[in-house]
Every structure is written in C-alpha cells, then in structure tokens.
Number of protein chains: 2
Amino acid sequence: MDKTGFTHLLPNKDSCHDCFKKEQCLAKQLTISDVEGLSALISKNIKYRCGDYIYRQGDTSENIFIVKSGATKSLINSVEGNELVIGFHFAGEVLGFDAIDTNIHASSVLALDNSIICGFSRQLLDRLCTTDATFQKELIARFSHEIVRDYQLLILINKKTAEQRVAIFLLELLVRMGSSRGQVIHLNLVMSRADIASYLGLVPETVSRVLSKFERMGMLVVKKKKLQIVNDQLLVKYSNNQPLQKLPEPNAMEGNAIPLALLY
Amino acid sequence: MDKTGFTHLLPNKDSCHDCFKKEQCLAKQLTISDVEGLSALISKNIKYRCGDYIYRQGDTSENIFIVKSGATKSLINSVEGNELVIGFHFAGEVLGFDAIDTNIHASSVLALDNSIICGFSRQLLDRLCTTDATFQKELIARFSHEIVRDYQLLILINKKTAEQRVAIFLLELLVRMGSSRGQVIHLNLVMSRADIASYLGLVPETVSRVLSKFERMGMLVVKKKKLQIVNDQLLVKYSNNQPLQKLPEPNAMEGNAIPLALLY
DNA sequence: GAGGCAAACTGATCTAGATCATTTCAGAAA
DNA sequence: TTTCTGAAATGATCTAGATCAGTTTGCCTC
C-alpha cells in the first residue's frame, strides 16, 4: 500500500493551512492568508530518506528548513576528515541558521530517518523580516534559543564522566520526544552508537558499555535501537554523578565532633 | 596623572560620532544622526574594572553590550557550583545574545581588564530592528556568526589533544588580536591559566605544562601573562597534531616489501 | 534458511591527562 | 628591603576512557 514509506507521515494536504505542525512553525504567527500568498517561496513537505543530505557544509544557503517529521543530525567535517556530530533535530526545529551571515553552510545536515521538511527561501525570510515585525522577533528568538542550546552542549561535554554524558543525553531525549517522566518509556534511538558517541565526545565502545551498565543497574532495557527507560529517577541521579554505591560525603559528619585523628 | 586607569582607552569624546570603534559597531551602518537622535537609549563608554560583572547568569536582560576596549570572559555556573568559561570577548564584539529569547541571561560576563563597554537598550534594539532593515540584517548576521563560533569551540574541545587545544587557542588569539603572522609577536594573556584551562576543557596544570613544553621546543617564550610567539609555523603544526618528533607514518614503507617479521 | 555484512557488544591493555603535593615566582603591602 | 600571597610551574602517581582485538547479533539478499 504505502510503498513510499512517507504516507503515514502526511495526514494533511500539501498546504500550510492544514499543516498539523503549524503551531510549531517559524511562521506560526502569520495569518494563513499571508503565508498562502507567499506560497511560491515555500517548498512544502520535501521528502528525505534516511541518509539523504538536507544540505552540506560548504553549500550556498538557499533556504531555512523546518523539520516537520522524522529526525536529522548535523555534523561538521574536520580538516582531518573525521566527522563531528553537533546536534540532533526533531519536529518543529529550524535548520540552517549557521549560514545566514556568510551564506555558506558551516555544517551538514542529513536525515536519520524518513523525514518531511519544509523549506523557506532566503528571499522569503528577508521579505518577512522587513514586512512582519512579529515574524522577525520569532526568528531572532529562535537564534537566541539556538545559542543557549549550544551552551548546553558545551556544558554536557565539559568535565563530565561518560556515565553523566549518556544519562544527560537520554534525559534530554526524553524531554524532546515529549515523553512524560515517571513511567516506563519506550524510546526509539534513531541515531547510531557512533553518532551518540561523537555528539558526547566519547567513543562508540564507551557508549555501548555505559548502556550495558545502565541495563545491569536496572535503569533501562537496551535492545539495539529500542530503549525502554525503567527507572528515570536513577538516571537523574547518574546525570548528577551520584551513583547508588557512592559513599556518604565527608561532611555527613558535620554537627558531630570531628575526631582529631582524622585531622592529622 | 591617570588615576582612573581608563583615560588612555578613551581618545574620543562621549559620543558615537567620534567613536574610534564605530567601524566595528553593531550600528555602524546607521547614519550618525540616526544614532545621535536615539542617544538616550545608548549608554556610552561604561567603565568596568577587572573582575566587574557586566551581567550575571539569571539576570533580566536590559541591554545588548558592545566591547569598545579591554577584554571580558563569559562563563556558566553549573549546578554543582563550578564555573565553565565559554568565551573571551575583545573590542568590537557583542555581548548578551543569550538572553534575547528568554529575557534572562544564560551566562555571566565579567571584565578581565579595565574595559570600556557601550550598552544598547533592548528597547532601542527592537526599535532599530523594525525601522531599519540594514540594522536588522546586521544583527541577524552577528547572531549567525555567534552560532558558527560556538561550533568552532565544540570542534576545539572534541577529541583534540591538550597540545592541539592550546596551539589552536594561541593561534586564534593571534588572529583576534589582529597580529600579523610570521614575525615575533608579543601577546598579553589577559586571562589566567585556569580560565584558559576551563575554556579548553583541561586543567590548569596541563595548560602550564603544555606552555612549558612549547617554550622548550622554541615556539614561544612564556613569562607569566606575557607571551612571545617565536615560531608560529611550528604552532600551526602542533595545532594539526603534527609535532616535530613524530615518527614517519607506517605507510611510509609502501612500495617496499613489508618485512614479514613486522607482520607477525 | 544459509551466507554476508555492518552495527553493537565485550574483554584486555594502554595512555593522556587528571589529581595530588610541593616548589617557585612576581607583584603588593608594609 | 623584607614579607606575604596567590598564580604558576613542576614532579610523582593514578585512572577514566581510548584503543585494539575479537565475538555476537540482527538484518538483508538470494
């Protein structure tokens, strides 16, 4: 029936008016008629298969993209040739902010899954920015949001243990996938262990080992790309580097007299 | 004579018209009269002493700032209480982009030196954005630039050796300080070893050791905060992880028969 | 259902850089 | 000048995670 693999992702027609994601769209505050009038400048519902590039590092920037469904990763190819994953993007997120200044993409983005993505031409972007103050504000807000998100990744990478990184990553995924906490959650890891490792500044083997350990601790059940979070409270503990077996803090004694023997 | 320590930084009057940094200013493309008309919304030449905060993480955002002279660092305080340096900012750079979306600063910025900084009220920012298309474009371009810069820091941190990190950091400083390459350069490190270490995802001792090693290799002369770059070509080699003493690659043999003894 | 293949997992070993413990040094105060 | 103080340098040791070397697993294709 569905030979394309996309039909289930498209419950609506090829129009902004019926878009089931319009609440998350960059242009959400424009009236429908505004957008429809500029329809020629929007490429709606472009289909990407797993592994397809949305754009490549070095490409001239033609569009800003909005992920409607599916998932993508963005990466940077270093001079030495190895690639560094710098982000994962899900429905509602905007792609292409890296090229507004220079017109050249500083990163590549590719689909991790069959994905539907809309493109706003740069021309439309400029036009809306000058004619529509609300749109412009929304755009700048998203820029700012992106900068704060980058900070978070820096924090995640900096001086955290492998276990913390993986725990934080999983919790972040839970939030972004919109799952509520405190119950058994099924998570479909759309990215490979190597992708996660690159993103977290680790090596695939380490990610694998940490996931296995977390499984042994009863926090989750791992079955390749299918993850089942069983105990997210414990996951939170690990994300703060407070594993179960940790000894009480030295100052747990405070309030009692400290034996002299411990001071000398 | 100059008891304030600031006079030498201010060769011009307290006006945008005479500002010696106007070419680098966010509002550079506005005509002088435009800006002067909005003068009440610009706090010109605010003086900060070494250690003063320009703003703190969690503060409500009142202004966008432009560094006119001096230097600042931005940092994030983690939940555990330790601080992470995420950037250094010199003349011409804009501060405060992290709070445009939420109105709350996600990071703190403090002066590393006596610094002169101008503040644009958020109100002015909004006004210029709606009335002046060129200003708005410039602002968005700077946002995009900031995002790309964040990518660079991610690359710097990710999977690079301590020597690479320090070498890249020094080369980056050379560029940002505007020094031309290929000659002996005097560099005044305005930040501490601890700041550099935090920024590079290392520990102060490691930064110290690497600088000492670079000195032994004849690349630079270290005298606390005064650095003298003697051989920047070698620094470039180290930044690519190609130190001098490295053995020839294994495939240097290719073309010759490989001795069986090496295979077993 | 067999064969092929790439991702994921696991165990053994190694090492870059962290940690801990001093020492040195430069600038400020007295 | 001497003393004081905090940053920086240096040496010795330790360890988290990388690296290397397989093995296992799930998923194609025929």
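In this predicted model, Asn45(B) is placed in strand 1 of chain B, which spans residues 42-48. The residue has a relative accessible area of 8% and is therefore classed as buried. Its side chain is joined to that of Lys68(B) by a polar contact of 2.5 Å.

A second site in chain B, Ala106(B), belongs to the loop between strand 6 (94-95) and strand 7 (108-111). With a relative accessibility of 21%, Ala106(B) counts as partly exposed, since the buried class requires a value under 20%. Ala106(B) is separated from Gln57(B) by 49 residues in sequence, whereas the C-alpha to C-alpha distance between the two is 5.1 Å. Gln57(B) is also among the residues that Ala106(B) touches, together with Ile76(B) and Asp98(B) of chain B and Val148(A) and Tyr151(A) of chain A, when residues up to four places away in sequence are not counted.

The relation between the two chains was examined by superposition. A turn of 180° with a shift of 0.0 Å along the axis lays chain B on chain A with an RMSD of 0.1 Å. The two copies are thus related as by a two-fold rotation axis. Of the interface residues of chain B, 100% are also interface residues in chain A, so the copies meet through the same surface.

The largest nonpolar core comprises 132 residues. Phe120 and Met191 of chain A and Phe120 and Met191 of chain B are the residues with the most contacts inside this core. For Met191(A), the residues touched, not counting those up to four places away in sequence, are Phe88(A), Phe90(A), Leu112(A), Phe169(A), Leu173(A), Ile196(A) and Lys225(A).

One of these contacts, Ile196(A), is a buried residue of helix 5 of chain A. Helix 5 covers residues 193-200, and six of its eight residues are buried, so the helix is largely enclosed by the rest of the structure. Besides Ile196(A), the buried residues are Asp195(A), Ala197(A), Ser198(A), Tyr199(A) and Leu200(A). The elements of chain A that cover them include strand 4 (72-77) and strand 5 (83-89), as well as helix 3 (133-157), helix 4 (162-176) and helix 6 (204-216). Just after helix 5 of chain A, Gly201(A) adopts a positive phi of about 70°.

Helix 6 also takes part in the surface near DNA strand D, to which helix 6 of chain A and helix 6 (204-216) of chain B each supply at least two residues. The greatest contribution comes from helix 6 of chain B, with four residues. In total, 19 residues surround DNA strand D, the closest being Ala162(A), Thr206(A), Arg209(A), Ser208(B) and Ser212(B). By residue class, this surface contains nine charged, six polar and four nonpolar residues.

On the nucleic acid side, 67% of the atoms of DNA strand D within 4 Å of the protein belong to sugar or phosphate, and the rest belong to bases. Individual polar approaches were found to both bases and phosphate. A polar side-chain atom of Arg209(A) is 2.8 Å from a base oxygen of DNA strand D, and one of Glu205(A) is 3.3 Å from a base nitrogen of that strand. For Lys159(B), a polar side-chain atom lies 3.3 Å from a phosphate oxygen of DNA strand D.

How values were computed: Residues numbered from 1 in each chain as written. Chains lettered and ligands numbered in written order. Predicted model: local features only at pLDDT ≥ 70, side-chain atom pairs only at ≥ 80, totals over all residues. Heavy atoms only, no water. Least-squares fit on C-alpha atoms with pLDDT ≥ 70 in both. Contact = heavy atoms within 4.5 Å. Core = buried A, V, L, I, M, F, W, Y, C linked by side-chain atoms within 4.5 Å. Buried < 20%, exposed > 50% of the residue type's maximum accessible area, 1.4 Å probe, protein only. Polar contact = N/O pair within 3.5 Å; in protein donor to acceptor, adjacent residues only side chain to side chain. Near = heavy atom within 4 Å. Nonpolar A, V, L, I, M, F, W, Y, C, P; charged D, E, K, R; others polar.
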